[in-house]
Amino acid sequence: PSAVDAGNGSFTYPCQWVVTARVRHWQHIHDRQNKYVGILTIRVEGDRWKIGELELLSEEREILSWRST
């Protein structure tokens, strides 16, 4: 996918990212992986690039491992 000029010194970009974390709750620990799909809007503020908006399109959660505490 490629970036799209959104005008006003900004552009949008369709993207995917993965976050992996260790979660502890309900007397156990598990590793979880969240997969996200969204549209990121980047804009210029002064002389720096900034995230202007993030539109989350989907989120998938997957438990990778489990163990008792």
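This passage describes the fold, the overall dimensions, the surroundings of tryptophan 49 and the salt bridges of a predicted model.

The secondary structure of the protein consists of four strands and zero helices, so that the order of elements along the sequence reads β-β-β-β. The radius of gyration is 17 Å, whereas a compact globule of 69 residues would have a value near 11 Å. Along the principal axes, the C-alpha atoms occupy a box of roughly 50 × 25 × 15 Å. Of the 69 residues, 22% are buried. The accessible surface amounts to about 5,600 Å², and carbon and sulfur atoms account for 51% of this area. When contacts between residues at least 6 apart in sequence are considered, 44% of them link residues at least 24 apart. The protein carries 9 positive and 9 negative charges, and the mean positions of these two sets are separated by 12 Å.

Tryptophan 49 is located in strand β4, which spans residues 48–68. The relative accessible area of tryptophan 49 is 57%, and the residue is classed as exposed because this value is over the 50% cut-off. Tryptophan 49 nevertheless has contacts with residues beyond four places away in sequence, namely Gly9, Phe11, Ile42, Arg43 and Val44. Threonine 20 lies 29 residues from tryptophan 49 along the chain, and the C-alpha atoms of the two residues are 26 Å apart.

Four salt bridges were counted in the model. One of them joins the side chains of arginine 22 and aspartate 31, with an N to O distance of 2.8 Å. The two partners fall into opposite classes of accessibility. Arginine 22 is exposed, because its relative accessibility of 56% is over 50%. Aspartate 31 has a relative accessible area of 17% and is therefore buried, the limit for that class being under 20%.

Arginine 43, which is also among the residues touched by tryptophan 49, forms a salt bridge with glutamate 45, and the closest N and O atoms of this pair are 2.6 Å apart. Both residues count as partly exposed, with a relative accessibility of 31% for arginine 43 and 41% for glutamate 45.

A further salt bridge links glutamate 59 to arginine 61, with 3.2 Å between the closest N and O atoms. Glutamate 59 is partly exposed at 39% relative accessibility, whereas arginine 61 is exposed, with a relative accessible area of 57%.

Definitions and conventions: Residues are numbered from 1 along each chain as its sequence is written. This is a predicted model: local features need pLDDT of at least 70, side-chain atom pairs count only at pLDDT 80 or more; totals for chains, interfaces and linings use all residues. Side-chain values use heavy atoms; hydrogens and water are left out. Helices (H or I, at least four residues) and strands (E, at least two) are DSSP runs, numbered from the N terminus. The radius of gyration is taken over C-alpha atoms; the globule rule is 2.2 Å times the number of residues to the power 0.38. Buried means under 20% relative accessible area, exposed over 50%, partly exposed in between (1.4 Å probe, protein chains only). Contact means heavy atoms within 4.5 Å. Accessible areas come from the Shrake-Rupley method with a 1.4 Å probe; for residues, only the protein chains shown count as cover. Lys and Arg count as positive and Asp and Glu as negative; His and the chain ends are not counted. The place of a charge is taken as NZ of Lys, CZ of Arg, CG of Asp or CD of Glu.
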